[in-house]
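User: I am new to this structure and would like to understand the terms used to describe it. Please explain the reasoning behind each one.

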Amino acid sequence: MLDSSFFNQVFWGNTVKAYFLFGGILFLGLVFKNIVSKLLSRLLFKLFRNFSNQSHNDAFVALLVKPIEVFILLTTLYLSINQLKHPLEVPVFHYSKLIGKVKEMIPVTIGDCIDRIFLFGIILSIFWIILRIIDFISHVLLYKASLTDNKADDQLVPFLKELFKTIVIFIGFFTLLGFVFEVNVLTLITGLGIGGIAIALAAKESLENLIGSFTIFLDKPFTVGDLVKVDGVEGTVEKVGFRSTRIRTSEKTMATLPNRGMIDGVLENLSLRNSRKVSFVIGLTYETSSDSLRKIITEIESYINNHEGTSNDGNASFKSFGDSGLNVEINYFVTILNYTDFLKIRQEINLEIMDIVIRNKSDFAYPTQRLISDRPASNTSEKEVGNDTTD
């Protein structure tokens with residue numbers, strides 16, 4: 001049986017007991033870190049039991065397992081390494097420090113450097129856990145927001161998520177400066193001076209975009225899911241962020257516009273319209289008589305206004321004499337906003353216009369050229385050439 005003298009033996013500056021503690025702590029930490037991380041995640045979830053239902057438990061654990069594993073691993077390594085004295089007590093360098101009125105040289109050992117490194121990693125892992133908790137809270141809020149008809153909460157949740165995560169990152173940054181690098185954060189902030197002014201000027205655009213995001217939430221010119229058009233970009237709003245707004249265009253590309261531009265430019269919220277306008281011109285051949293033209297215009301206007309998918313303010317009129325035909329202008333509004341249904345209604349009306357024109361013994365004009373020859377009438381005196389064009 002091993003006695004105490006065996007554990008008190010020293011090898012390479014450390015006792016056998018220290019090596020056993022080092023190996024035991026490291027072994028237990030590496031073996032049980034996954035189990036402990038899941039257990040801690042489920043314990044933390046109990047704090048949010050009233051906030052979310054049990055169905056979100058797996059999502060919460062999935063978000064927290066990785067950062068808690070990193071936290072346990074770093075803590076395990078830190079505790080195990082600190083069981084050893086050698087070479088942790090070996091000085092690396094010295095620095096001068098004013099103690100009272102006397103400057104003294106303070107040694108910095110390998111252990112001191114390792115402590116700072118592990119403290120840096122542990123603080124990062126703690127704030128990583130906090131950020132993941134914010135992700136979980138926003139996940140639950142988004143789920144609850146999806147159950148309501150109000151789109152404003154769908155837009156507000158991602159914005160608040162980015163806002164709180166940014167605040168946490170700033171707090172984490174100054175915490176690292178204070179605890180790891182021993183920087184007096186208050187003195188640093190108050191002593192920025194001209195540098196602070198330069199930073200403020202550099203952040204001017206970001207601040208304007210931040211104010212723009214608050215303006216969007218307060219004024220509500222649009223919400224997530226609305227079809228908008230701004231600065232020549234047309235698409236569906238997918239996300240209003242901390243700095244910018246993301247729009248999915250009709251070509252399925254993602255356009256990112258700064259929030260300042262969303263409120264400063266001319267913005268059209270196409271989702272708020274109550275109808276879709278259709279306007280075009282058709283050309284009829286010059287062989288069409290005035291009576292036939294009147295009938296065509298009357299029948300087109302009557303059909304449009306009696307269609308169940310349009311408003312009753314549609315109109316058709318003889319616009320002008322074109323180079324190749326008689327131009328008739330047609331305008332109407334489709335009250336069905338769904339784009340697929342709109343296309344079907346427009347197609348029905350276009351096909352009926354074709355039938356009306358043919359039924360009244362007319363035809364559609366196309367670009368033509370008439371060549372007049374000075375040869376005798378027995379020969380071809382004039383020849384008409386038609387050039388059919390397609391779009």
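Analyst: This is a predicted model. A convenient starting point is Ser-41, which is found in helix 2.

User: Why is Ser-41 called buried?

Analyst: The relative accessibility of Ser-41 is 0%. Buried means under 20% relative accessible area, and therefore Ser-41 counts as buried.

User: Which residues does Ser-41 touch, leaving out those up to four places away in sequence?

Analyst: Ser-41 touches Phe-60, Val-61, Leu-64, Val-65 and Ile-68.

User: Leu-40 is found in helix 2 as well. Why is Leu-40 called partly exposed?

Analyst: Helix 2 covers residues 16–45. Leu-40 has a relative accessible area of 35%. Buried requires under 20% and exposed requires over 50%; 35% meets neither condition, so Leu-40 is partly exposed.

User: What makes Leu-40 eligible for a surface patch?

Analyst: Patch residues need over 30% relative accessible area, and Leu-40 has 35%. Leu-40 belongs to a nonpolar surface patch together with Phe-27, Leu-28, Val-31, Phe-32, Ile-35, Val-36, Leu-39 and Leu-43. The accessible area of the patch is about 810 Å² in total.

User: What does the UniProt record list as "transmembrane region"?

Analyst: The unreviewed UniProt entry lists residues 20–40, 60–81, 117–142 and 163–180 under that name. In the model, the span 60–81 is 100% helix and 0% strand, with its end C-alpha atoms 32 Å apart. The span 163–180 is 94% helix and 0% strand, and its end C-alpha atoms lie 26 Å apart.

User: Why is Gly-178 called partly exposed?

Analyst: Gly-178, in helix 5 (residues 152–179), has a relative accessible area of 27%. Since buried means under 20% and exposed means over 50%, the value of 27% makes Gly-178 partly exposed. Gly-178 touches Val-183 and Val-185, not counting residues up to four places away in sequence.

User: Which residues have the most contacts inside the largest nonpolar core?

Analyst: They are Ile-282, Leu-284, Ile-300, Val-328, Ile-330, Tyr-332 and Ile-353, in a core of 20 residues. Two or more residues of this core come from each of strand 10 (276–284), helix 10 (290–306), strand 12 (326–334) and helix 11 (339–359). Helix 11 gives the most, with 6 residues.

User: How do you know that Tyr-332 is buried?

Analyst: A nonpolar core is a set of buried residues, and Tyr-332 is one of the residues in the largest core; therefore Tyr-332 is under 20% relative accessible area. Beyond its neighbours within four places in sequence, the contacts of Tyr-332 include Phe-280, Ile-304 and Ile-349.

Key:
Residues numbered from 1 in each chain as written. Predicted model: local features only at pLDDT ≥ 70, side-chain atom pairs only at ≥ 80, totals over all residues. Heavy atoms only, no water. Patch = residues over 30% accessible without salt bridge, like charges linked within 9 Å, V, L, I, M, F, W, Y side chains within 5 Å. Areas by Shrake-Rupley, 256 points an atom, 1.4 Å probe, with all protein chains shown as cover. Salt bridge = Lys/Arg side-chain N within 4 Å of Asp/Glu carboxyl O. Helix = DSSP H or I, 4+ residues; strand = E, 2+ residues; numbered from the N terminus. Buried < 20%, exposed > 50% of the residue type's maximum accessible area, 1.4 Å probe, protein only. Core = buried A, V, L, I, M, F, W, Y, C linked by side-chain atoms within 4.5 Å. Contact = heavy atoms within 4.5 Å. UniProt positions renumbered as here; feature names shortened; annotations may be inferred.
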